[in-house]
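Thanks for coming. I have one structure today and a few parts of it to go through. Have a look at it first.

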Amino acid sequence: MDPTNSAAFPGQFARSRRFSLGVPRHFTVSPDGSRVLFVRTASGTDPVGRLWQYEDGTERLVADPALLVGAGTGPVPEEERLLRERARERSVGVVSFATDDAARLVAFALSGALWAVRTDGGVPFSVPAAGPVVDPRPSPDGRHIAYVSRRSFHVVDLTGADRQLARAEGPEISYGLAEYVAAESMNRLRGYWWAPDSRHVLVARVDTGPVDRRYLSDPADPTKRPQAIPYPAAGTPNAEVTLQLLSLEGERVDVDWDRKAYEYLVDAGWDAHGPFLAVQSRDQRIVRTLSVDPATGATEVLHERTDPAWVELIDGTPARTASGALVLPEDDGDTRYLTVGGRRVTPEGLQLCAVLGVEGERVLFTASEDPLETHVWCHEPGHGSRRLSRGPGRYTGVGRGGTLVLAGVTPGGNDVGVLRGTEPGTSTGSGSGPAGEAGSAGEVSYEPLASLAEEPSVTPRPLHLTLGERQLHGALFLPSWHREGAGKLPVLLDPYGGPAMQLVGRARGWFTCVSQWFAEQGFAVLVVDGRGTPNRGPAWEKAIHGDQLTPALEDQVDALRAAGARFGDLDLTRVAIRGWSFGGFLAAAAVLHHPDIFHAAVAGAPPTDQRLYDTHWKERFLGHPEEQPENYVRSSLIGHGHLLRRPLLLVHGLADDNVAAAHTLRFSAELLAAGKPHSVLPLPGATHLPAGDAVNEQLLHFQRDFLLDALKRRVDGD
């Protein structure tokens with residue numbers, strides 16, 4: 001019945017790490033734009049990252065862990081493992097790197113060892129360090145490398161002369177690392193910032209002493225000791241985060257701000273105008289941008305953003321141009337604008353997504369005119385804001401010196417290349433490629449970087465839909481072998497449906513391939529981005545304030561009904577739903593609250609009790625649980641287990657430190673006490689994103705078989 005090669009897909013999906021291997025990423029461009037550094041594995045199934053340089057149309061291998069004596073032989077430090085987990089990193093080897101300002105010296109860590117390489121053709125060399133190395137970063141002048149080891153902050157020169165600038169005073173203290181909520185919920189993965197003079201560093205000090213502990217154990221190996229991790233659940237104390245200005249000579253200045261009123265450090269930096277930071281109140285309704293006096297540590301308020309629901313954090317902000325103009329977002333009506341120096345520089349309806357960088361007075365950013373696409377834009381005084389990426393897809397980029405690296409996920413897959421000639425006055429063309437075609441010779445050139453990712457064995461065939469009164473964006477995946485009118489198809493909803501993630505778009509992501517694979521198994525698969533998902537404006541995002549369940553679930557129901565009315569081959573008497581994380585929460589909620597509509601569900605890593613989730617993420621949407629407990633009750637599955645009437649499969653990694661396995665285990669206990677049959681699939685050793693080829697391959701088969709069996713039993717009257 002299935003003429004495609006979908007039988008091979010689960011294994012391919014697993015060994016390619018969701019088709020992420022072999023794709024160029026983590027780009028740095030030299031100041032003159034002539035050279036591009038990036039990471040890429042050797043093939044679509046090789047998990048080992050290597051460092052590459054692209055120059056004059058040629059790629060050159062700069063660092064290969066397999067060729068470095070002693071590299072990769074030691075264990076990965078726990079702090080590094082956690083950073084990779086927060087960044088959703090799926091490869092090994094060189095997974096990230098940092099350079100000096102000239103992009104001539106590169107530093108990276110391999111299994112806790114510090115390595116460096118010069119980009120002028122030299123070979124990588126090890127740099128003696130005081131211990132296991134985490135997050136090494138060269139100074140702007142390339143004379144030193146800063147790093148964190150055993151939670152202490154060090155600076156070493158290339159001869160191995162090491163200085164410990166800040167020593168962790170105890171096991172609960174760290175210097176130079178991001179705390180849990182910063183990395184997981186604010187997307188701030190770093191904890192220190194070099195000064196332009198290469199003699200000073202702005203360093204975060206984190207004290208997790210006030211934070212409650214959770215204990216992760218491995219039930220599959222009862223001989224292992226439980227691991228204690230600080231986890232600030234909603235309503236409980238956060239880590240205490242402070243900042244210090246450290247000099248290479250050992251001087252230390254504390255940065256002073258009202259930490260009682262603004263306990264969250266959103267971001268920080270140090271540019272030609274001095275150090276700066278952004279701080280946020282616990283209720284997340286105020287974000288302040290502060291300048292810092294490097295001599296005294298005193299701060300001054302440069303800007304304040306407020307919002308009655310929450311202030312949305314935008315990656316890359318705050319920033320400053322060469323003249324000192326602040327680069328910030330501004331929400332007004334239903335548009336998120338980019339502002340420079342207090343002036344809006346983007347039009348109504350263009351939704352700012354992220355600021356990618358500032359060079360001189362030029363600001364590079366991503367924004368969406370259409371929620372189905374994300375493009376790279378630039379703004380420069382006198383030239384306005386203009387779009388640089390052209391073809392359909394979701395793009396990001398890195399730019400410097402008139403060169404832009406565009407990284408896009410398009411309807412045809414990954415498309416990564418180097419765009420030159422993007423200075424004001426040049427044309428970006430109007431062709432069908434990611435940057436169009438040059439308007440005339442010498443204006444714009446586009447040089448593709450090779451992607452070695454595997455080509456999926458199934459080809460997504462989404463029908464993009466606008467559904468219901470709220471004009472919900474959806475995608476319908478039908479089996480390639482299905483012919484209209486030939487018979488009814490059971491329906492599978494495949495949502496995420498929550499904040500910070502869109503699944504519907506003109507792009508072939510791994511999730512579209514998975515949806516098509518389920519379609520090839522005999523389902524009509526419907527994917528919908530409802531209220532709360534990004535890039536449709538502030539009002540759309542904040543429609544879930546105080547209630548993360550009702551609007552999100554209503555949108556899935558409305559979209560299903562609208563799709564069923566439009567497509568007669570959708571069998572609304574056989575409807576299943578699956579999802580992971582927030583999508584898993586939606587899936588379980590669907591069979592609890594709408595058993596008349598949804599007849600089976602698979603819920604992976606579902607947050608069933610919102611009070612168990614972290615402070616910054618959960619209080620953003622639901623407030624403080626002691627002040628607004630009703631929001632947590634209405635948005636949780638706990639307490640509603642007695643409503644279950646349909647087959648439900650709960651899947652959870654037992655090493656998940658984001659959505660703890662307690663969410664599933666407590667909910668399962670409630671279901672059992674209520675006499676509600678259900679299934680639980682525990683994954684020993686698995687985190688929030690299960691690793692291991694066999695696990696990921698078989699998970700797809702297991703979900704398919706569970707859902708098909710549940711819907712068949714419904715037809716048979718069981």
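A residue is called exposed here when its relative accessible area is over 50%, and buried when that area is under 20%. I should also say at once that this is a predicted model.

With that cut-off, take Pro75. Is Pro75 buried or exposed? Its relative accessibility is 69%, which is over 50%, so Pro75 counts as exposed. Pro75 sits in the loop between strand 4 (58-63) and helix 2. Setting aside neighbours within four places in sequence, Pro75 is in contact with Ser111 and Gly112. For a sense of distance, Pro75 and Ser445 are 370 residues apart in sequence, and their C-alpha atoms are 44 Å apart in space.

That loop leads to helix 2. The buried residues of helix 2 are Glu80, Leu83, Arg84, Glu85 and Arg86. They pack against strand 5 (92-93), strand 10 (134-138) and helix 3 (180-185). Just after helix 2, Arg88 has a positive phi of about 55°.

Helix 2 also takes part in a pocket. The second largest pocket has a volume of about 910 Å³. It is lined by 36 residues, and those closest to its centre are Arg81, Glu85, Gly685, Thr687 and Ala691. Which element supplies the largest share of this lining? Helix 2 does, with 5 residues. Among the elements that each give at least two residues to the lining are helix 1 (9-15), strand 18 (227-230) and helix 11 (693-715). Note that Glu85 appears twice: as a buried residue of helix 2, and among the residues closest to the centre of the pocket.

Next, enclosed space. Rolling a probe the size of a water molecule over the atoms shows where empty space is left. The count comes to 2 cavities of 30 Å³ or more. The largest cavity holds about 50 Å³ of space. Its lining consists of Pro371, Leu372, His473, Gln502, Val504, Asp529, Thr533, Pro534, Arg536 and Trp540.

Two more helices. In helix 8 (residues 615-622), 8 of the 8 residues are buried, so this helix is largely enclosed by the rest of the structure. The buried residues include charged ones by name, among them Lys618, Glu619 and Arg620, along with Trp617 and Phe621. The packing partners of the buried residues of helix 8 are helix 3, strand 21 (264-271), strand 22 (274-280) and helix 9 (629-634). Helix 3 is a name we have met, as a partner of the buried residues of helix 2.

Helix 10 is another case. It runs over residues 662-673, and at 1.5 Å a residue its 12 residues should span 16 Å; the end C-alpha atoms are 16 Å apart, which agrees. Buried in helix 10 are His663, Thr664, Phe667, Ser668 and Leu671. Why do these five fall on the same side of helix 10? They cover an arc of only 120° around the axis, and that puts them there. The general background is that an α-helix has 3.6 residues a turn, so residues three or four places apart point the same way. The face turned away from the buried side carries the exposed residues Leu672 and Ala673. On the buried side, the contacts are with helix 7 (582-593), strand 43 (648-653) and strand 44 (679-683). Gly675, which follows helix 10, has a positive phi, near 75°.

Last, the salt bridges. The count is 37. One of them joins Arg400 and Asp101, with the closest N and O atoms 3.0 Å apart. That pair links distant parts of the chain, since Arg400 is in strand 33 (residues 394-400) and Asp101 is in the loop between strand 6 (98-99) and strand 7 (105-110), 299 residues apart. Asp101 counts as partly exposed, at 46% relative accessibility.

Another salt bridge is between the side chains of Arg199 and Glu249, at 2.2 Å from N to O. Both lie in loops, and the pair ties together parts that are 50 residues apart in sequence. Arg199 is partly exposed at 28% relative accessibility, while Glu249 is exposed at 52%.

A third is Asp494 with Arg578, with the closest N and O atoms 2.6 Å apart. Asp494 is in the loop between strand 39 (489-493) and helix 4 (510-520), and Arg578 is in strand 41 (residues 570-580), 84 residues away. Both residues of this pair are buried. Finally, Asp307, Asp331, Arg336, Glu541 and Lys542 are joined into one network by salt bridges that share partners.

Technical notes. Residues numbered from 1 in each chain as written. Predicted model: local features only at pLDDT ≥ 70, side-chain atom pairs only at ≥ 80, totals over all residues. Heavy atoms only, no water. Helix = DSSP H or I, 4+ residues; strand = E, 2+ residues; numbered from the N terminus. Expected span 1.5 Å × (residues − 1). Buried < 20%, exposed > 50% of the residue type's maximum accessible area, 1.4 Å probe, protein only. Arc of directions from axis to C-beta. Contact = heavy atoms within 4.5 Å. Salt bridge = Lys/Arg side-chain N within 4 Å of Asp/Glu carboxyl O. 1 Å grid on protein atoms, 1.4 Å probe; cavity = no way out; pocket = protein on both sides within 12 Å on 5 of 7 lines; lining within 4 Å. Points joined across faces, edges and corners; volume = space filled by probe spheres on them.
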